[in-house]
Every structure is written in C-alpha cells, then in structure tokens.
Amino acid sequence: MKRVLVLASILLTTAVANAQIKQGQFMAGGNAGFSSEKVRDNKTTSWNISPAVGYFVVDKLAVGIEANYMHEKYTWKSASGPVVIEGEDKSRRLGFAPFVRYYFLPAAQKVNVFAHGAYGFGSTKSNDNDSESFSFYRFAAGPAFFLSPSVALEANVFYMSYKDKNDADRTNSFGLQVGFQIHLGKGKK
C-alpha cells in the first residue's frame, strides 16, 4: 500500500509541474495517423507518421525538422459489360521539411494548444517502382496534454497538400493524428 501511495504522489507531483516549452529547450517526438475511404467498389487506405525534432528559439516557439512518411493503398474494380477488372495500387511517400510550432497558452498549463506548419520536399515510390519528387506543405493544430513536464500527449487536426513534379494537380488530405513529444533541457530563465 505504501508503494502505491508513493507512486501516486510522484505521478501527481509531476503532473502539476510546469511544462517545458521555454527558450533553449529541445523537443523530440512525432505523430501518427490513419484514414480509410470507400466510394462504391473503390477503397483507399492510408497511414502516416511524422517524427520531428525541434528547438525553442523563444518561449513557446519551436523550429526544427520533421520527416513525413505516408503509405497509401488503393483497390479498385471496373466493370465493362460482364467483365470485371480488379486492381491494386500502392505508393509510399517520404519527405523532409523544416517546421515552425507555436504554443498559445502559458507554459504552466497542463493542457496547451499549438499550431504547426511545415513545407518540404520528398520522393514517391509506386507500384511501377518509378520514383518521382514532390513538394508538400502541412498545417496541424490541436491540444497538447502534458502528462509530466517532459512528456506531452497530442491530438491534432491536419491539412496536407502535395504535388508530384510531373502532375498538374495537387492532392489534398485532411485528417486526425495522435502522438507525443518529449521536451528536454532546462531552458533559459
């Protein structure tokens, strides 16, 4: 029973401590998301991960670099008279981008709200093994729940737009992601 009380006291103490979003601190972590869409016999399933590393240049404002990996699978059926043709296409996208992230509430808050923006470049690999470059931008916003001064659980809504080099059209996606950030360093006072 003593161990349970001691553990509960430690968890409570760390949960009410100040979050680390001060100038001079680092953050590392990322987000992951999943989406599925079906229109008649056509189905698209995709998932993405976005690891990131950043540095707080001033209180509540971090800059850094993120990677974006997206895997997409598209299954389709096409009927031409009595003949039904089925197929599957897969693509993988890997991109890198500098980012800017801002936390809106004071650092002492257990729950904070952030906005995140990135613009970068990458490459796409598809079924036919052709590789082509693309550019993208991504915006995200949502709450960060500080479980301790060093760990934040996040949920965000994101908008991402990318354009392949040889394609005239942009592809836009909107979705939800969850993730975490680890905040390191003492920061400047």
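Reader: Where in the chain is Lys60 placed?

Author: In this predicted model, Lys60 sits in the loop between β2 and β3, the latter being residues 61–80.

Reader: Why is Lys60 called buried, or partly exposed, or exposed?

Author: Its relative accessible area is 19%. A residue counts as buried when that value is under 20%. Lys60 is therefore called buried, since 19% lies under the cut-off.

Reader: What is noted about the phi angle of Lys60?

Author: Phi of Lys60 is near 75 degrees. This is a positive value, and it belongs to a residue other than glycine.

Reader: How do you know whether Ser46 is buried or exposed?

Author: The relative accessible area of Ser46 is 8%. Because the limit for buried residues is under 20%, Ser46 belongs in that class. Ser46 is part of strand β2, which covers residues 42–58. When neighbours within four places in sequence are left aside, Ser46 has contacts with Gly33, Phe34, Ser35, His71 and Glu72.

Reader: What makes Ser46 a residue to mention together with the largest pocket?

Author: Ser46 is one of the residues nearest the centre of that pocket, together with Thr44, Glu72, Tyr162 and Thr171. The lining consists of 27 residues, and the space in the pocket is about 610 Å³. Two or more lining residues come from each of β1 (26–39), β2, β3, β4 (83–103), β5, β7 (151–164) and β8. The largest share, 6 residues, is given by β8.

Reader: Why is Ala118 called buried?

Author: Ala118 has a relative accessible area of 6%. Buried residues are those under 20%, so Ala118 is placed among them. Ala118 is in strand β5, residues 111–126.

Reader: Which residues does Ala118 touch, not counting those up to four places away in sequence?

Author: Ala118 touches Glu66, Ala97, Pro98, Phe99, Phe136, Tyr137 and Arg138. One of these, Phe99, is 19 residues from Ala118 in sequence, while their C-alpha atoms are 4.3 Å apart in space.

Reader: What makes the pair Lys73 and Glu88 a salt bridge?

Author: The distance between their side chains is 3.8 Å, N to O. The rule asks for a side-chain nitrogen of Lys or Arg within 4 Å of a carboxyl oxygen of Asp or Glu, so the pair qualifies. Side chains of opposite charge can pair when their charged atoms come close.

Reader: How many residues apart are Lys73 and Glu88, and in which strands do they lie?

Author: They are 15 residues apart, with Lys73 in strand β3 and Glu88 in strand β4, and the pair links distant parts of the chain.

Reader: Why are Lys73 and Glu88 given the class that they have?

Author: Lys73 has a relative accessibility of 34%, and Glu88 has a relative accessible area of 39%. The class between 20% and 50% is called partly exposed, so both residues receive that name.

Reader: What other residue meets Glu88 in a salt bridge?

Author: Lys90 does, and the distance is 3.8 Å, N to O. Lys90 has 33% relative accessibility and thus counts as partly exposed.

Reader: How do you know that Arg101 and Glu154 form a salt bridge?

Author: Their closest N and O atoms are 2.5 Å apart. Because the cut-off is 4 Å, the pair meets the condition. Arg101 is in strand β4 and Glu154 in strand β7, 53 residues away in sequence, and this pair links distant parts of the chain. Both Arg101 and Glu154 are buried.

Reader: Which residues are joined into one network by salt bridges that share partners?

Author: Lys73, Glu88 and Lys90 are joined in this way. The structure holds 5 salt bridges.

Reader: Why is Phe145 called partly exposed?

Author: Phe145 has a relative accessible area of 36%. Since partly exposed residues lie between 20% and 50%, Phe145 fits that class. Phe145 is found in strand β6, residues 131–146.

Reader: Which residues make the nonpolar surface patch?

Author: The patch, of about 700 Å², is made by Phe26, Val111, Phe145, Leu147, Leu153, Phe180, Ile182 and Leu184. Strand β8, residues 171–184, gives the largest share, 3 residues.

Reader: How many helices and strands does the chain have?

Author: The chain has 1 helix and 8 strands. From the N terminus on, their order is α-β-β-β-β-β-β-β-β. Of the 189 residues in the chain, 34% are buried.

How values were computed:
Residues numbered from 1 in each chain as written. Predicted model: local features only at pLDDT ≥ 70, side-chain atom pairs only at ≥ 80, totals over all residues. Heavy atoms only, no water. Helix = DSSP H or I, 4+ residues; strand = E, 2+ residues; numbered from the N terminus. Buried < 20%, exposed > 50% of the residue type's maximum accessible area, 1.4 Å probe, protein only. Contact = heavy atoms within 4.5 Å. Patch = residues over 30% accessible without salt bridge, like charges linked within 9 Å, V, L, I, M, F, W, Y side chains within 5 Å. Areas by Shrake-Rupley, 256 points an atom, 1.4 Å probe, with all protein chains shown as cover. 1 Å grid on protein atoms, 1.4 Å probe; cavity = no way out; pocket = protein on both sides within 12 Å on 5 of 7 lines; lining within 4 Å. Points joined across faces, edges and corners; volume = space filled by probe spheres on them.
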